[in-house]
Amino acid sequence: MINDTFLVSITTFVYFFSAFVFLISYIFKKKSAEKIALVSTVAGMAIHTAALICRWIHSYQMGIGHAPLSNFYESMVFFSWSLVFIYLVTRKQDTNNLGGILATFFSFLILAYTTLSPNVDCQIQPLIPALQSNWLTSHVITCFFAYACFAIAFGLSILYLLKRTKSKKGIIALLPDAAVLDEATYNMISLGFVLLTLGIITGAAWAENAWGRYWGWDPKETWSLITWLIYGAFLHARITKGWKGIRMSLVSILGFTAVIFTYLGVNYILSGLHSYL
Amino acid sequence: MYKKLYNLFSSTRLTIFLFFAIAATSILGTLIQQGLPIERYEQIYSQRVFSVMGFFDIFDMYHSWWFTLLLVLLSINIIACTLRQIPRIIRLTSSGKNPTDDEIFAASRTIKTWHSNRDIEALELQATKILTSLAKTPVHTKKDNTEYFFAEKGKTSRWGMILVHVSVLFILAGGMIGMIWGYSGQIILVEGESADTFSLFSGKGTKELGFDIICNHFSVDFYKTGMPKRYKTDLTIVDQGKEVMTGAITVNHPLHYKGLKFCQATYGIADTSSFQVAAENTVTGEKTVLTLDKMKKKPLPNSEIYFAVAKLLPDYKGRGPGVLGVLIEPDKAHDIFWIFKDKQTQRGAFAFRLKDYDKAYYTGIQVSKNPGTPFVRAGFIFMITGFILSLFFTHTRIWLRIRDTQKGHEISVVANASKNQKAFKEKIQGLAGRFQGDEF
Ligand code: HEM
């Protein structure tokens, strides 16, 4: 059996290459570079998917079979997979390959950290009984898809702020209109919001089966609600009040901070029932 | 006054405020651990801080009066907002009812107007064709020599957002109902035991089940690492002398009976375990095997010393099973030490070794009743349905009018979509262009 961590290392390089070529195609507006970047992204995705499948099969060979979504290493690998996946699915709405640059670059960063950091244990571990649930699998998948949308929206918001504050110079001048960035951020956040809603619902269904209650206000649950409320406020402000601009990009950045806190902060700073991830 | 209040409660300004207020205050409860015994907080905080926090129920803030108030305000906000939105949606979805409204064809809304000299039957046929290609049954009306066509698709998608908003009400209502009328607790059973009551969490006493629950069998499988893989309780429920249900519960697979839910929560080693400990008097060479129940002392032979087993660990730091032994000597403090299978532990004149033990597990079953569950579940389904309706479907409408003017038949087209307005108008413009060029 091929070693899945080796495949993940290859993927890391492929995504780096994709991000680089996307950047070139963006700066020099070259269609041919865009094609190369796209092919490379799809190839990276294929290797990445193969890594997930290998790991899955491997866990069955070890007699502790479960989907590779159960510890910190696996969740990081899946998070980066989700980023590229969401990008490929929403590619039609992408402008100037900005989504492509952001998705592949973030994926590269996450994978590089995951593979290089000594703090991330890449062993396949057995699952305690509470985690053996299809609801949990759906929960993890939908949540990470949502996080991927929010990560891309976060990147777009940063670019928006750059564009608005120092629009005249260098590479930033190449960015599309602020209004286009604003619209792209909104699209990503609406998709992310629906996915996060699904994620919270499947999570509640899991909690109901495993612990006999939908909602127990444990820190992880509460932080996912906080994230949901921030993005909910974003959508209402934008749709019904027509709020746009710097204010909205700051809310998007605040929302992503809450995402990071839900994902990492709760485990490392607060403690709770979810402390396995 | 009434109007003002209604405006406030149906405003999204209030929604945004409430969202941020709920988010911000929720953070507090994740920083201060919730639901500890009240004495703990008294130790941590000074008297002043403690009494202020107590007033605001900070130690159980998600059930406090003010947090509940925020949720109630949000519910009122949603109700008011939905009531305000419904007339608008009814208006938007009933445009087919007045097909001869000329206002619709105001110049600012028309996406294409042109003149044609072809005969009216051919134009009618084409108009019907074009509209049928977009929606199934176009409405064709004639009034004063003017022809009106209308077609629409995806009307229900307009209700998607209403459904999402209403679903939140269901979930909040379900949560409230659960908070008020729900309860939960735990039953601890050893194989063969039965129970007709359970102890409520948060120390509120016990409650009658109204039937008997029997633990027939409990089993647990382990991974090679010693981590539990699966544990399972086989249960029988006996109601008024009749066996009404037999089944198994495992983690993530609960059982339901009479509105109560039984979840496999924990397991552990029961006090009914018995142990065989070999004790050797290293002075006299005398050997005995003591058979002990947990926490029941027995005298060591030919001495005034008593021995008892206080605790069993199935795996003591990777050394295999270990029991905590206690030596009780007159006028002396108790001596407490670990005893293992692989090696003797020497204490005074005696050397102890764990020979065997007969381990009995207990199973911890969580019992809960939540009458809010159907509401929450309905809310979840509505929310997902609402999102699907509004995300994957679009309400599109097309109006077409043919009227006589001096320049011939004037044809005007108006189009509207609930999403991606621009793309839809471009598409219709293209179709109308083909109509005009007689290519359709
Ligand atoms: C927890 C409660 C709520 C949730 C989950 C929620 C959710 C949503 C979502 C997902 C959207 C669609 C956003 C989009 O299209 O991108 C939306 C739109 C909207 N919401 Fe809410 N909402 C909530 C509370 C409220 C309240 C209290 C109000 C009333 C003041 C409100 C008023 C609106 C309005 C007017 C729209 C636009 C509808 C349309 O364009 O058809 N929402 N809401």
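Select Tyr231(B) to begin: this residue is buried, with a relative accessible area of 11% (buried means under 20%, exposed over 50%, partly exposed in between, with a 1.4 Å probe and protein chains only). The model is predicted; local features need pLDDT of at least 70, side-chain atom pairs count only at pLDDT 80 or more, and totals for chains, interfaces and linings use all residues. Residues are numbered from 1 along each chain as its sequence is written, chains are lettered from A and ligands numbered from 1 in the order in which they are written, and side-chain values use heavy atoms, without hydrogens and water.

Add Tyr267(B), which is partly exposed at 22% relative accessibility.

Move next to the iron atom of the ligand, coordinated by His236(A) (NE2) and His165(B) (NE2) at 1.8 to 1.9 Å. Donors are N, O and S atoms within 2.8 Å of the metal (3.2 Å for Na, K and Ca), and water is not among the atoms, so sites may look incomplete. The site is octahedral, with angles of 87 to 179 degrees among six donor atoms; six donors count as octahedral if opposite donors are over 155 degrees apart and all others between 65 and 115. His236(A) is partly exposed at 21%, as is His165(B) at 25%.

Then select Arg247(A), which lies over the face of Trp243(A), 3.9 Å from the ring centre. Lys29(A) lies over the face of Tyr26(A), at 5.5 Å from the ring centre. For such a contact, NZ of Lys or CZ of Arg is within 6 Å of the ring centre and within 35 degrees of the ring normal.

Terms used
Tetrahedral: all angles 85-135°; square planar, octahedral: opposite > 155°, others 65-115°.
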